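Visitor: Before we discuss this chain, could you put its sequence and structure in front of us?

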Amino acid sequence: MPLAPDPANPPGTSRSTSATIQPNILRYLVLVADERGIDLRPQLQQVGLDETVMRSAALRVSYRQGSAVIRRALELTQDERLGLKVGAAQHLTAWGLLGFALMAGDTLRHAIETGVKYQNLSGAMVVWSAATGEEDEAFVLRADLPDPAMDPAVAVFLIEEGLASVVTLSRLAVGPAFAPRVVEFTCPPPRRSEQYGALFGCPVRFGAPDNRMVVDPAWARARMPGRDPVTYASTLEMLDAQMASRRDQQDLLEVLEISVAQSLPALPSFAEQARRHATSERTLRRRLADCGTTYEALVEGVRRERVEQLLLRPELTLRVIARRAGFSDERALRRAVRRWHGTSPVHLREQMRSDRP
């Protein structure tokens with residue numbers, strides 16, 4: 001009979017540390033912030049992203065990195081509608097090969113469905129789904145959060161950015177007259193809502209059951225100006241190959257993260273991980289480099305997540321937390337928390353507890 005998991009030392013991870021997301025949102029967030037005279041580069045560096053790294057086409061970031069930068073940008077700009085502005089600033093070329101496929105699709109609906117199918121390659125930080133509505137064959141695009149417990153301000157930013165970017169890119173593709181029938185948000189009504197109407201050009205509802213955009217059938221059938229069946233088919237072949245590679249990368253990261261999390265407070269050596277995967281250290285290091293990360297960064301992410309989980313338990317002392325997270329002593333824990341968050345474990349614990357609903 002297997003042992004029950006220890007709730008004080010959970011065996012898994014939330015996968016928020018895995019670097020699997022293209023940083024399109026962060027790139028445009030930096031541009032929008034720059035226009036306001038706000039420099040987000042110190043925050044990027046704090047989560048391990050500098051300007052050279054951000055220019056790499058192979059770069060992948062984690063939900064943790066992305067959320068930390070977005071949260072800081074919201075604090076610095078004091079703009080509750082920052083997501084709308086970042087979404088409106090985007091262009092299809094930011095999506096690389098996928099953007100090319102969307103332009104070569106047959107209709108607007110066809111393009112959106114292609115984007116949904118290959119969303120893991122687009123840098124999306126929400127989960128997209130599309131279907132035909134029950135009323136008059138309208139086309140419905142829905143956005144869900146990957147984690148319902150996400151910071152509320154970051155959650156609103158991501159939903160607004162996602163829907164705003166879809167409308168913006170649709171207008172770039174089929175013409176500036178495009179407008180959805182209606183856009184709905186689950187969040188409560190904001191103090192001022194005129195920015196929504198100005199951007200979406202349609203009724204906008206709040207407190208709805210889902211975050212979604214409804215498109216009239218006529219717009220869904222609008223032909224894409226750059227449609228090309230041959231180019232579209234050949235591009236999909238390349239996207240399928242990228243998806244297969246991405247699945248392999250995500251599987252590798254998940255297996256390694258779980259292995260590290262289950263081993264804490266002990267830390268498996270890199271050589272031991274290579275033996276477990278029946279591969280050489282050189283090959284495993286190359287595979288991690290293809291994922292845009294290193295074993296050291298992965299271990300750091302898992303330990304950081306474990307520390308944050310344990311800090312939420314007020315009965316645990318810093319000494320106990322340090323031991324359970326694999327640190328030699330409290331001083332090592334304090335140095336790590338300072339590096340991650342720029343504050344002490346005590347202050348971080350107070351902040352995290354005050355932020356919880």
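What follows is a conversation about this predicted model.

Visitor: How many helices and strands does the secondary structure of the chain come to?
Guide: The model is predicted, and the chain in it has 357 residues, of which 49% count as buried. Among contacts between residues at least 6 apart in sequence, 70% join residues at least 24 apart. The secondary structure of this chain comes to 17 helices and five strands.

Visitor: In what order do the five strands lie in the open sheet?
Guide: S1 and S2 pair in the antiparallel sense over six bridges, and Ala131 stands opposite Val140 in S2. Strand S2, residues 139–144, is in turn joined to S5 by five bridges, and these two run antiparallel. S3 and S5 also pair in the antiparallel sense, over three bridges, whereas the two bridges between S3 and S4 join strands that run parallel. The pairing is therefore mixed, and the order of the open sheet is S1-S2-S5-S3-S4.

Visitor: Which are the edge strands of that sheet?
Guide: In the order S1-S2-S5-S3-S4, the sheet is an open one. An edge strand here is one that pairs on one side only, and the edge strands are strand S1 (127–132) and S4.

Visitor: Which residue in S5 is the bridge partner of Val182?
Guide: S5 takes part in pairing with S2 over five bridges, where Arg142 has Arg212 as its bridge partner and Leu141 has Met213. S5 also pairs with S3, in the antiparallel sense and over three bridges. In that strand S5, the bridge partner of Val182 is Val214.

Visitor: How many of the five residues of S5 are buried?
Guide: A residue counts as buried when its relative accessible area is under 20%. S5 is largely enclosed by the rest of the structure, because the number of its five residues that are buried is four.

Visitor: What is the angle between the planes of Phe185 and Phe206?
Guide: The search of the whole structure finds seven aromatic pairs. Phe185 and Phe206 form one that is stacked, at 5.7 Å centre to centre, and both Phe185 and Phe206 are buried. Planes under 30 degrees apart count as stacked, and the angle between the planes of Phe185 and Phe206 is 15°.

Visitor: How many residues apart in sequence are the parts that the pair of Phe185 and Phe206 ties together?
Guide: Ring pairs link Phe185, Tyr196, Phe200 and Phe206 into a cluster. Phe185 lies in the loop between strand S3 (182–184) and helix H9 (194–200), while Phe206 lies in the loop between strand S4 (204–205) and strand S5 (211–215), so the parts tied together by this pair are apart in sequence by 21 residues.

Visitor: Which ring does the charged end of Arg285 sit over?
Guide: Arginines lie over phenylalanine rings at two places that we can look at here, one of them being Arg303, which lies over the face of Phe327 at 4.0 Å from the ring centre. The charged end of Arg285 sits 4.1 Å from the centre of a ring, and that ring belongs to Phe270.

Visitor: Is Arg306 buried or exposed?
Guide: Arg306 is found in helix H14, residues 295–311, and its C-alpha is 6.3 Å from that of Ala325, although the two are 19 residues apart in sequence. A polar atom of the Arg306 side chain lies 3.3 Å from the backbone oxygen of Ala261. Since buried means under 20% relative accessible area, the value of 2% for Arg306 makes this residue buried.

Visitor: How many disulfides does a search of the whole structure find?
Guide: A disulfide is a covalent bond between the sulfur atoms of two cysteines. Cys187 counts as buried at 16% relative accessibility, and Cys202 is buried with a relative accessible area of 12%. The number of disulfides found in a search of the whole structure is zero.

Visitor: Which residues does Thr343 touch, not counting those up to four places away in sequence?
Guide: Thr343 is found in the loop between helix H16 (330–341) and helix H17 (345–355). Thr343 is buried, with a relative accessible area of 14%. Not counting residues up to four places away in sequence, Thr343 touches Val337, Arg338 and Leu348.

Notes
Residues numbered from 1 in each chain as written. Predicted model: local features only at pLDDT ≥ 70, side-chain atom pairs only at ≥ 80, totals over all residues. Heavy atoms only, no water. Phe/Tyr/Trp six-rings, centres within 6.5 Å; stacked < 30°, edge-to-face > 60°. Buried < 20%, exposed > 50% of the residue type's maximum accessible area, 1.4 Å probe, protein only. Lys NZ or Arg CZ within 6 Å of the ring centre and 35° of its normal. Polar contact = N/O pair within 3.5 Å; in protein donor to acceptor, adjacent residues only side chain to side chain. Disulfide = S-S within 2.5 Å. Pairing = 2+ DSSP bridges. Contact = heavy atoms within 4.5 Å.
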